[in-house]
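Got your viewer open? Here's a short tour, with something to select at each stop.

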Number of protein chains: 2
Amino acid sequence: MPVKTKAARQGAGPRKAAAPVAGPAGREMPIRDFSRSLPMALLRAREAVMRHFRISLRAHGLTEQQWRILRALSAIDAIEVTELARSAYLLGPSLSRILRDLEQRGLIERRSVKTDLRRGIVSISAKGLSLIEAVAPSSEAIYGEITRRYGAERLAALHEMLGALEASLADMPLPGSVGDASE
Amino acid sequence: MPVKTKAARQGAGPRKAAAPVAGPAGREMPIRDFSRSLPMALLRAREAVMRHFRISLRAHGLTEQQWRILRALSAIDAIEVTELARSAYLLGPSLSRILRDLEQRGLIERRSVKTDLRRGIVSISAKGLSLIEAVAPSSEAIYGEITRRYGAERLAALHEMLGALEASLADMPLPGSVGDASE
DNA sequence: GAAATATGATTAACATGTTAAATGAAATTT
DNA sequence: AAATTTCATTTAACATGTTAATCATATTTC
């Protein structure tokens, strides 16, 4: 019988050192454990929220990203592709693919700027607006229930802290820029 | 049943657009704007953090998910695939693909449980451990700088709030379960 | 005003997220 | 024991994330 392989449930232990210490496997653990990983905590929290919306969106034939785009478009008359990418927080290539699909489905409309043929302009169609109005109620209901469970004030505080985190790192230099001669 | 299907009461917060109001385009905005979207806020915060780590990982030929797996494996002697999926927070199919790749690269080792040939056992190899030790320093440095900028206490508080959010929604019924006859 | 450069958008290539289905093995039922 | 069901894992199919390359149009430079 091999070692007890059920040591996977980390996180409850009092081990907190950032320096290498002996782990359950007897090896040195060069880094903090998962429970202290910020990206992981953000990912888990986001997934806990999103799995509720995903079901609702899927019932309407929309992915999360498609919904973000339609939502962004519903708030304005028209917008350039680059601007839309920022607004919906998508990378260019993803947006490009999704717009192609949404256009084929008749949910959006496209044209180009006459003074600069490189730029594309996107707007939501009547059909797209209808779809949003069809999805919005359940989406709002889910958001309401989440707010009720977590608490409106706590939710507002979380929003503030997330925004502050983003702001804190906005001007943090990326590795590989100046000062890192390890390459 | 679970959620009140009427306009999610905005609670105490400064309500902005719980009910449809006219937006910049003159249309009705059926839902809250992006800046108040919790999934979006979590996504943006996570990306603000991850973009720093991604560069470092990429320099070592690793993706974020591959790193999560190696990290989880480094803390234990061996682990079953299903358990590893929970530990690294990956879905089965993703894990399956990544393990195949990591094994071909010699970073992990696999075998199967003799008493149950369905189950696979995974462990990190010496080469995998070396890679972790090579990546860990810059990873820790990045984490340290993030902590310094955001503040250790604030970071701990954020962790707590994220965990609480996850816990709040753990038993929240998903749409489509009992009581929702809107389909 | 043509060549060089810069910019907006798309395409390409590969990795992962997500859901459904298939595969193979063990447990259960008949 | 054979048939069925359950379980662990993998494969399949499609959508997106990510980086690099491409294409067309604009701007700059000489």
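**Stop one: around strand C**

This is a predicted model, and the tour starts at DNA strand C, which has 25 residues around it; A:Thr82, A:Gly92, A:Pro93, B:Pro93 and B:Ser94 come nearest. Now colour by element: on chain A, helix H3 (81–88), H4 and E5 each give two or more residues to the surface near DNA strand C, and on chain B helix H2 (64–74), H4 and E5 do so. What classes of residue make up that surface near DNA strand C? You'll find nine charged, eight polar and eight nonpolar residues there.

**Stop two: around strand D**

Next, select DNA strand D. It's surrounded by 25 residues, and the closest are B:Val81, B:Thr82, B:Gly92, B:Pro93 and A:Ser94. Which elements should you highlight for the surface near DNA strand D? From chain A, pick helix H2 (64–74), helix H4 (92–104) and strand E5 (116–124); from chain B, pick helix H3 (81–88), helix H4 (92–104) and strand E5 (116–124). Each of these supplies at least two residues. By class, the surface near DNA strand D has nine charged, eight polar and eight nonpolar residues.

**Stop three: the strands of chain A**

Stay with E5(A) and add strand E4 (residues 108–113) of chain A: the two run antiparallel, joined by six bridges. Zoom in on A:Ser112, and you'll see A:Gly120 of E5(A) standing opposite. E4(A) and E5(A) form a hairpin, with two residues between them.

Finally, select strand E3 (residues 79–80) of chain A, which also pairs with E5(A), in the antiparallel sense over two bridges. Here, click A:Glu80: its bridge partner in E5(A) is A:Ile121.

Note on methods
Residues numbered from 1 in each chain as written. Chains lettered and ligands numbered in written order. Predicted model: local features only at pLDDT ≥ 70, side-chain atom pairs only at ≥ 80, totals over all residues. Near = placed C-beta within 6 Å. Helix = DSSP H or I, 4+ residues; strand = E, 2+ residues; numbered from the N terminus. Nonpolar A, V, L, I, M, F, W, Y, C, P; charged D, E, K, R; others polar. Pairing = 2+ DSSP bridges.
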